[in-house]
Amino acid sequence: MEIQSNMLTLADGNQMPQEGFVLYKVDDQETMNNAVRAAYEDGYRLFDTAQLYGNEAEVGQAFKDLNISRENIFVTTKVSEANQGYQSAISVKESLKKLQMDYVDLLLVHWPIQRAFFDTWRAFEELKKEGLAKSIGVSNFQIIHLQYLATKANEMPVVNQVELHPRLTQKPLLKYDEEHHIVTQAWSPLGRGAVLNILELETIAEKHGKSTAQIILRWHLQNGVSFIPKSVHPERIQQNADIYDFSLSPEEMKTIDSLNQYARTGREPELTYEYNHQY
Ligand code: A2P
């Protein structure tokens, strides 16, 4: 069974698969090779890593071993907080060396931090001009960060990757992103596995003969957001790609929307006095 991931057109004209595969907490080379091979064979084409994950070299090696052409995959990496500022550019060149690639398809600012907020983005705009990143975006930005960035950016992010799952539905942010032609991408689309045993989801899953993980991913799909589930188990990797042969009714979508509890599994993005003070 091969995934039939939709392609999304980004505001810069580039295309990005809607469903991807995150290589978070996949460290040793053998686990990496197995996960990458299983995901590729199941049809995943978007692969997401980060400087912070400490595994860009293993990701690069896994793709080298797989021996596929670069144009067949869409690779994202993220600049860590420690590397933000003008040195972003140096760190991205190091990332590319580790990845054994000439460019990344998508480069993200991993977290908004006030120190280096605009310097980082200037560096990203330059990296895009140089062709080292085909598209540039951000991660963990809230509306206020995007508004603040808009005051000085020459071009705006085309993707905002944030924590998003049935216990953290982020509706106002999704609306803002959509209105500003920014694709929202869900990290931890399954709430790190913590939302899989919710009764309402189990009821919907039973009705469709699917797992709760598949129901949640289908909800993301129908919401039009991009999503990058994580698994190191081949049967789950395959299961998470098998969500294209059924659909959720408007009532089922509403039921899942209503599970929101503003519950983060990760930390709250920093909201400083200065950001607020600008407005
Ligand atoms: P594992 O890697 O052991 O398969 P998220 O993508 O929200 O961060 O969630 C990832 C977590 O959910 C991981 O712990 C992963 O475990 C688990 N997981 C991923 N896919 C499935 C699935 N289809 N069924 C059950 N658990 C899953």
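Reader: Which element gives the largest share of the lining of the largest pocket?

Author: Helix α9 does, with three residues. Keep in mind that this is a predicted model.

Reader: How do I read a pocket in the first place?

Author: Start with the general idea. Rolling a probe the size of a water molecule over the atoms shows where empty space is left. Now this case. The largest pocket holds about 680 Å³ of space. Its lining counts 33 residues, and V22, Y24, S188, R192 and K230 are the closest to its centre. Two elements give two or more residues to that lining: α8 (212-223) and α9.

Reader: How do the residues of the lining of the largest pocket divide by class?

Author: Into 13 nonpolar, 13 polar and seven charged residues.

Reader: What takes up the space of the largest pocket?

Author: The ligand does.

Reader: Which residues come nearest to the ligand?

Author: There are 16 residues around the ligand, and L190, R192, S231, R236 and N240 come nearest. Helix α9, residues 234-241, gives the most to this shell, with three residues. By class, the shell has six nonpolar, seven polar and three charged residues.

Reader: How should I read the polar contacts of the ligand?

Author: Look for pairs of N or O atoms within 3.5 Å. Take R192: a polar atom of its backbone is 2.9 Å from a ligand oxygen. With K230, the side chain supplies the polar atom, 2.9 Å from an oxygen of the ligand. With Q239, an N or O atom of the side chain lies 2.9 Å from a ligand nitrogen.

Reader: How much of the ligand does the protein bury?

Author: The protein buries 83% of the 570 Å² that the ligand exposes when taken alone.

Key. Residues are numbered from 1 along each chain as its sequence is written. This is a predicted model: local features need pLDDT of at least 70, side-chain atom pairs count only at pLDDT 80 or more; totals for chains, interfaces and linings use all residues. Side-chain values use heavy atoms; hydrogens and water are left out. A residue is near a molecule or strand if one of its heavy atoms lies within 4 Å of it. A polar contact is a pair of N or O atoms within 3.5 Å; within protein, one must be able to donate a hydrogen and the other to accept it, and residues adjacent in sequence count only if both atoms are side-chain atoms. Accessible areas come from the Shrake-Rupley method with a 1.4 Å probe; for residues, only the protein chains shown count as cover. On a 1 Å grid over the protein atoms alone, a cavity is a set of points where a 1.4 Å probe fits but cannot get out, and a pocket is an open set with protein on both sides within 12 Å along at least five of seven lines; lining residues have an atom within 4 Å of a point. A molecule sits in a cavity or pocket if more than half of its atoms lie within 2 Å of its grid points. Helices (H or I, at least four residues) and strands (E, at least two) are DSSP runs, numbered from the N terminus. Ala, Val, Leu, Ile, Met, Phe, Trp, Tyr, Cys and Pro count as nonpolar, Asp, Glu, Lys and Arg as charged, and the others, Gly among them, as polar. Grid points are joined across faces, edges and corners, and a volume is the space filled by probe spheres set on the points.
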